[in-house]
Amino acid sequence: QVQLVESGGGLVQAGGSLRLSCVASGILFAFNGMGWYRQAPGKQREFVASIRGGSTNYADSVKGRFTISRDNAKNTVYLQMISLKPEDTAVYYCHKEGSIYWGQGTQVTVSS
């Protein structure tokens, strides 16, 4: 079955960096678009970034600070986050684009 497992979240001060990872299994990873989404307390889940082949897309709120990448040999998609802000605090989810499959989420907390 399809599994998406995120890791790399944590507590960081404003201005800091984190790298999230999502390892996928049960899918032909290289042929699938993958995305990162986030959900802050009391808010709806929102799009952060996606990657399909060599093409990437970002939410305006993270452009220039977050970078999505993938390693098809490792079935892994990454989200490098720099210059983190308190408003980036959320649970971050990995998603196989166009599917029902989501990871369990990893918490990112940015303190001011």
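I'll start at one end of a sheet: β5 and β6 pair in the antiparallel sense, over four bridges. Within that pairing, I51 stands opposite T56 of β6. Please keep in mind throughout that this is a predicted model.

Now the sheet these strands belong to. It is an open sheet of six strands, in the order β2-β10-β9-β4-β5-β6, and the pairing is mixed. β2, residues 10–13, and β6, residues 55–58, stand at the edges; each has a single partner strand, so one side of each is left without a neighbour in the sheet. From one strand to the next, the twist averages 20 degrees. As general background, strands of a sheet pair through backbone hydrogen bonds, either parallel or antiparallel.

Moving inward, take β9. β4 and β9 run antiparallel and are joined by six bridges. One residue to find on screen is W36, whose bridge partner in β9 is C94. β9 also runs antiparallel to β10, with three bridges joining the two. There, Y92 has T106 of β10 as its bridge partner. How far is β9 enclosed by the rest of the structure? Largely, because six of its seven residues are buried.

That brings me to the core. The largest nonpolar core has 28 residues, and those with the most contacts inside it are W36, V77, L79, M81 and Y92. Several strands each supply at least two residues of this core: β3 (18–25), β4 (34–39), β5 (46–52), β7 (66–71), β8 (76–81), β9 (90–96) and β10 (106–111). The largest share, four residues, comes from β3. In general, nonpolar side chains in soluble globular proteins tend to be buried together.

L79 is a convenient residue to select. What is L79 in contact with, leaving aside its neighbours within four places in sequence? The list is L18, R19, L20, W36, V48, A49, F66, T67, I68 and Y92. Two of those, W36 and Y92, are also among the residues with the most contacts inside the core.

Next, the charged side chains. The count comes to four salt bridges. Side chains of opposite charge can, in general, pair when their charged atoms come close. R38, E46, R65 and D88 are linked in a network of salt bridges.

Within the network, E46 pairs with R38, and the closest N and O atoms are 2.7 Å apart. Are these two residues buried or exposed? E46 is partly exposed, with a relative accessible area of 35%, whereas R38 counts as buried because its relative accessibility is 5%.

R38 also forms a salt bridge with D88, where the closest N and O atoms are 2.9 Å apart. This pair links distant parts of the chain: R38 sits in strand β4 and D88 in the loop between β8 and β9, 50 residues apart. D88 has 0% relative accessibility, so D88 counts as buried.

A further salt bridge joins K63 and D60, with the closest N and O atoms 3.2 Å apart. D60 is exposed, with a relative accessible area of 65%.

To recap: a mixed open sheet of six strands, a largest nonpolar core of 28 residues, and a salt-bridge network of R38, E46, R65 and D88. That is all from me.

How values were computed. Residues numbered from 1 in each chain as written. Predicted model: local features only at pLDDT ≥ 70, side-chain atom pairs only at ≥ 80, totals over all residues. Heavy atoms only, no water. Core = buried A, V, L, I, M, F, W, Y, C linked by side-chain atoms within 4.5 Å. Buried < 20%, exposed > 50% of the residue type's maximum accessible area, 1.4 Å probe, protein only. Contact = heavy atoms within 4.5 Å. Pairing = 2+ DSSP bridges. Axes fitted to C-alpha atoms, helices over the stretch in contact; angles between N-to-C directions.
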